[in-house]
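I opened the model today to look up its overall make-up, its ligand shell, its core and a few single residues. My notes follow in the order I took them.

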Amino acid sequence: MLSSIAAVNRTIVACERCPRLRAYCRRLARDKKPEFSASRYWGRPVPGFGDSGARLLVVGLAPAAHGANRTGRMFTGDSSGRWLYEALYRYGFASAPESVSRDDGLTLRDCYISAAARCAPPANRPRRDELERCRPYLEAELRLLRRVRLVVTLGRIAHESWLKAAGWWERLRPRERPKFGHGVTARLPDGTVLIASYHPSRQNTNTRRLTRAMWHAIFRRARAVLEEGPPRDRSGLRRHDRVVHRQAHVRSHGSSVEPGRPEQRL
Ligand code: SF4
């Protein structure tokens, strides 16, 4: 039984459950990208990072080959990380706008970053069986991060992984499950607010599928939810086992959750 975040992290770092991913990460660490030839790559599974008393949980896909797989910290040392930490800093969740290395002194406030898989996958595509093998770590974090009441999922895989790890995938009927779409916000029966976002990968940011304004709107909304949202209502879950989720469009000017609105994109 993993009874603390420190124990979860130690177990993740030593994990060898996925031979394909472990071999790939070791190969990356050995061969290196020319621009990082002087770096000593981490090359191991990457644990979660942040404030264990956090109310905001950010769930990504997996470490980047030359980002977190190199530095050993979530979203650190790559383009996606530059987007993420700039936004976290802007909205008061990070002590600095840049995340360069795991010993750069950066801290998170009221925020914890996790991922669907902890090893960098070839072509950024973990296989289904690898995601399933890694999910117990996210489940353990959800059990231990007791104050979380708001979750931001980065990309469809992260979105579905969180729903599965939190038990909602199984508990809700398919049409009741919160949909994935940029800015779609849902409230789960226990009061947890879920905001879906496109992943800040180069593929999305370079093509402007995800713009800076769309991205900032996610974290502006997250900050607003934490400041004004109602407390979690676990008793509501016990009273009725049906979702009462509300989907909303997070407008770039930061609107509130709007019940009954269809899925929209920024
Ligand atoms: S992806 Fe997860 S389960 Fe698979 S080896 Fe890495 S840490 Fe272990």
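Before placing anything in a helix, I fixed the term: helices are DSSP runs of H or I with at least four residues, numbered from the N terminus. The model is predicted, and I kept that in mind throughout.

Entry 1, the chain. I counted the secondary structure first and got ten helices and seven strands. I then looked up burial, and 48% of the 266 residues are buried. For contacts with a separation of 6 or more, I found that 70% are between residues 24 or more positions apart.

Entry 2, the ligand. I listed the residues around the ligand and found 14, the closest being Cys15, Cys18, Pro45, Cys119 and Cys134. I sorted this shell by class and got eight nonpolar residues, six charged ones and no polar ones. I also asked which helices supply at least two residues of the shell. They are α2, residues 19-31, and α5, residues 128-144. Helix α5 gives the most, with three residues.

Entry 3, Glu130. I stayed with α5, since I wanted a charged residue in that helix, and Glu130 is placed there. Is Glu130 buried or exposed? The cut-off for buried is 20 or more other C-beta atoms within 10 Å. Glu130 has 21, so I entered it as buried. Leaving out neighbours within four places in sequence, I found Glu130 in contact with Cys18, Leu21, Ala117 and Pro121. Cys18 had already turned up among the closest residues to the ligand. I also took the C-alpha to C-alpha distance from Glu130 to Arg118, which is 9.8 Å for a sequence gap of twelve residues.

Entry 4, α1 against α5. I looked at how α1, residues 5-13, packs on α5, and found an angle of about 170 degrees with the axes 10 Å apart. Angles over 145 degrees count as roughly antiparallel, and I therefore logged α1 and α5 as roughly antiparallel to each other. On the α1 side I noted Ile5, Val8 and Ile12, which meet Tyr137, Ala140, Glu141 and Leu144 of α5. By class, this contact has six nonpolar residues, one charged and no polar.

Entry 5, the core. The largest nonpolar core has 73 residues, and I noted Leu56, Leu57, Val59, Leu88, Cys111 and Ala116 as the ones that touch the most other members. Helix α9, residues 212-228, gives the most to this core, with seven residues. I followed Cys111 further: beyond four places in sequence, its contacts are Gly50, Asp51, Ala54, Leu56, Val58, Leu88 and Phe93.

Entry 6, Ala115. I located Ala115 in strand β3, residues 111-115. I counted 28 other C-beta atoms within 10 Å of Ala115, so it is buried. Past four places in sequence, Ala115 touches Val59, Gly60, Leu61, Ala62 and Met74. I checked Ser161 as well: Ala115 and Ser161 are 46 residues apart in sequence, with C-alpha atoms 8.6 Å apart.

Entry 7, backbone angles. I searched for positive phi in residues other than glycine, and Asp110 came up with a value near 65 degrees. Asp110 sits in the loop between α4, residues 79-90, and β3. I entered Asp110 as partly exposed because it has 19 C-beta neighbours inside 10 Å. Arg208 also has a positive phi, near 65 degrees. I found Arg208 in the loop between α8, residues 202-206, and α9. With 9 other C-beta atoms within 10 Å, Arg208 went down as exposed.

How values were computed
Residues are numbered from 1 along each chain as its sequence is written. This is a predicted model: local features need pLDDT of at least 70, side-chain atom pairs count only at pLDDT 80 or more; totals for chains, interfaces and linings use all residues. A residue is near a molecule or strand if its C-beta atom, placed from the backbone, lies within 6 Å of it. Ala, Val, Leu, Ile, Met, Phe, Trp, Tyr, Cys and Pro count as nonpolar, Asp, Glu, Lys and Arg as charged, and the others, Gly among them, as polar. A nonpolar core is a set of buried Ala, Val, Leu, Ile, Met, Phe, Trp, Tyr and Cys residues joined through C-beta atoms within 7 Å. A residue is buried if 20 or more other C-beta atoms lie within 10 Å of its own, exposed if 12 or fewer, and partly exposed in between; C-beta atoms are placed from the backbone. Two residues are in contact if their C-beta atoms, placed from the backbone, lie within 7 Å. Axes are lines fitted to C-alpha atoms, for helices over the stretch in contact, and angles run from 0 to 180 degrees between N-to-C directions. Angles under 35 degrees count as roughly parallel, over 145 as roughly antiparallel, 65 to 115 as roughly perpendicular and the rest as oblique.
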